[in-house]
Amino acid sequence: MKGYKHFGVMLDCSRNAVMKPAVVKKLIDYLKKFGYNTLELYTEDTFRPDGEPYFGYLRGGYTGADIREIDAYAASRGVELIPCIQTLAHFTNLVKLPAYGDIVDTADILLIDEEKTYALLDKLFAFAAENFTSRYINIGMDEAHMVGLGKYLDKHGYVDRFDLLVRHLARVAEIAKKYGFKPHMWSDMFFRLGNHGEYYGKGLHVAKEVREKVPDNVDLIYWDYYHADEEMYDEMFASHKEFANDVWFAGGAWCWNGFAPFHTFSMQTMKPAMKSVAKNGVENVLITMWGDNGKECSSFAVLPALYAIRQYADGNCDEEKIARGFEEATGIPYADFVRLELPNATRGSVSGTIAENPAKCLLYSDCFLGIFDRAAEAEGKIPFADYAAALSDSASRAGEFAYLFETLASLCSVMELKGMLGVRTRAAYRSGDKKAVCALLPDYEETLVRLKDFYARFKGLWFKENRPFGWEVQEARLGGLMLRIRSCADRLRAYAEGETDRIEELEEDILPFGEQGLECNFYRSIVSRSEL
């Protein structure tokens with residue numbers, strides 16, 4: 001096995017699902033088996049520093065005792081637990097609270113040059129220093145696209161945003177040094193500010209005067225979850241090597257677009273990435289497991305990807321050998337485990353060229369509004385019934401992870417009816433054939449029956465792995481879906497029986513949502529065009 005200083009996973013504990021400490025230990029055991037030696041817990045506001053009662057409030061935040069327990073267990077298994085916080089942007093949930101209003105620049109970005117900001121950040125570092133053994137720390141600072149353009153602009157006028165960024169970084173680096181930490185940070189803002197908002201490209205250069213201002217105790221993380229072109233990774237490493245700072249690489253085991261993972265897409269992107277990592281002598285690697293828009297997908301669903309990526313990093317790209325090794329490590333057939341991506345299988349995603357998530361898009365696409373109906377028609381009927389059968393079959397061999405397969409089999413059973421229900425409804429209504437409309441009603445009723453089963457199984461998965469906070473979001477979404485399906489069925493019945501002469505939503509023509517087809521992970525964009 002090739003030696004790396006750090007070869008680890010970054011576990012998102014900030015997008016509603018805060019994994020129970022006992023379950024984090026279970027994940028650590030698998031990481032150790034697979035050859036990983038690092039785990040970063042990504043916590044935006046899901047921990048509880050002294051003097052900040054709103055941190056972790058109603059979010060299931062980790063206490064110091066929780067972290068010390070996980071840290072000690074990780075150390076006993078030879079895994080380094082590294083804190084992973086934010087120090088500039090991505091405070092999405094924190095900024096909802098009036099208590100922090102005076103240190104918010106705009107959107108989810110903290111106000112630079114405000115002493116209250118640095119007092120808060122000092123507390124975050126103090127918490128990390130007290131409870132983590134490691135003296136590495138991930139300080140975030142990514143995707144702060146609008147930095148300096150909100151309250152900062154009102155207070156100070158326009159300031160060159162490179163200067164603003166490096167000035168803030170210098171303050172953060174000093175706080176890190178105070179507590180004995182060596183930070184690493186996502187590198188994208190250095191590239192975006194000088195490249196019209198773009199991060200990736202070949203032959204990119206960050207101005208020397210900017211590079212020289214990056215504190216020498218801060219490492220940079222080049223993150224990339226998207227490219228199947230090894231040359232792109234090589235070019236981006238070359239751009240990063242122009243900095244004097246050490247470079248980490250962060251790839252992705254895709255589990256953040258809906259309920260199911262994207263094994264094929266992860267492999268298409270991470271095989272060339274790991275080849276480039278080895279070629280460029282990168283010694284620190286993270287594989288991210290984000291949880292965007294509510295963390296619907298279990299982190300354990302990407303175990304095959306995590307195993308394969310580590311094998312790629314060691315130079316083993318023999319897929320049969322990888323499959324055998326995974327089964328030896330877990331007792332579960334690799335071919336079975338990768339079936340967990342089936343709910344997201346479309347013509348494009350099966351090829352590994354795109355990451356579509358029809359099981360979420362079409363689950364929440366309203367039966368009358370049909371925002372994704374044109375994309376559904378373009379894709380054609382997705383064989384969700386076959387997917388459900390395959391997942392149920394694999395569940396019998398999945399051991400302790402059978403619940404993952406049973407949950408997604410239930411989802412596919414829902415989608416067998418729900419997937420094209422809106423398309424069928426609009427077609428029947430516009431035909432003027434009330435018998436055709438009436439014939440849809442049993443499918444509405446059966447969809448509700450299947451949804452209740454999926455709800456129960458998904459709830460079981462969530463409470464098995466995560467703290468309860470954040471589940472209320474899933475309950476609101478699924479409960480709202482059930483109520484809306486019932487309402488649509490009642491209105492269709494009223495139309496079929498002549499109680500009303502029209503359904504206004506079904507009179508609307510469906511416009512294209514965009515060019516990406518069945519690829520949207522944001523509930524509020526899927527479910528309605530109205531305020532949510």
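Helix α20 covers residues 471-496, and in this predicted model its length can be checked with simple arithmetic. At 1.5 Å a residue, its 26 residues should span 38 Å; the C-alpha atoms at its ends are 37 Å apart, so the two values agree. Below, we look further at that helix, then turn to strand β1 and to two buried residues, serine 349 and asparagine 521.

**Helix α20 and its surroundings**

- The buried residues of α20 are Trp471, Gln474, Arg477, Leu478, Leu481, Met482, Ile485, Cys488, Ala489, Leu492, Ala494 and Tyr495.
- As a reminder, an α-helix has 3.6 residues a turn, so residues three or four places apart point the same way.
- Helices that cover these buried residues include α14 (358-364), α17 (402-418), α18 (421-431), α19 (434-465), α21 (504-507) and α22 (523-527).
- After α20 comes glycine 498, with a positive phi near 80°.

**Strand β1 and its partners**

- Strand β1 (residues 6-12) is largely enclosed by the rest of the structure, because seven of its seven residues are buried.
- In a regular strand the side chains alternate between the two faces of the sheet.
- For β1, both faces are covered: one side carries His6, Gly8, Met10 and Asp12, the other Phe7, Val9 and Leu11, and all of these are buried.
- With strand β10 (residues 284-289), β1 runs parallel and shares six bridges; phenylalanine 7 has valine 285 as its bridge partner there.
- With strand β2 (residues 38-42), β1 also runs parallel, joined by five bridges, and leucine 11 stands opposite leucine 41.
- Between β1 and β2 the chain passes through helix α1 (residues 21-34), making a right-handed β-α-β crossover.

**Serine 349**

- Serine 349 sits in helix α13 (residues 347-351) and counts as buried because its relative accessibility is 7%, under the 20% cut-off.
- Its side chain reaches two backbone atoms: the oxygen of asparagine 344 at 2.6 Å and the nitrogen of threonine 346 at 2.7 Å.
- Beyond its neighbours within four places in sequence, serine 349 is in contact with Thr264, Asn344, Ile354 and Glu356.

**Asparagine 521**

- Asparagine 521 lies in the loop between α21 and α22, and its 5% relative accessibility is why it counts as buried.
- A polar atom of the asparagine 521 side chain lies 2.9 Å from the backbone nitrogen of glycine 258.
- Setting aside neighbours within four places in sequence, the contacts of asparagine 521 include Trp256, Asn257, Gly258, Asp292, Asn293 and Glu296; Asn357, Lys360 and Ile526 are also among them.
- Asparagine 521 and proline 21 are 500 residues apart in sequence, and their C-alpha atoms are 27 Å apart in space.

How values were computed:
Residues are numbered from 1 along each chain as its sequence is written. This is a predicted model: local features need pLDDT of at least 70, side-chain atom pairs count only at pLDDT 80 or more; totals for chains, interfaces and linings use all residues. Side-chain values use heavy atoms; hydrogens and water are left out. Helices (H or I, at least four residues) and strands (E, at least two) are DSSP runs, numbered from the N terminus. Buried means under 20% relative accessible area, exposed over 50%, partly exposed in between (1.4 Å probe, protein chains only). A polar contact is a pair of N or O atoms within 3.5 Å; within protein, one must be able to donate a hydrogen and the other to accept it, and residues adjacent in sequence count only if both atoms are side-chain atoms. Contact means heavy atoms within 4.5 Å. The expected span of a helix is 1.5 Å times one less than its number of residues. Two strands pair if DSSP finds at least two bridges between them. A crossover is right-handed if, with the strands pointing away from the viewer, the path from the first strand over the helix to the second runs clockwise.
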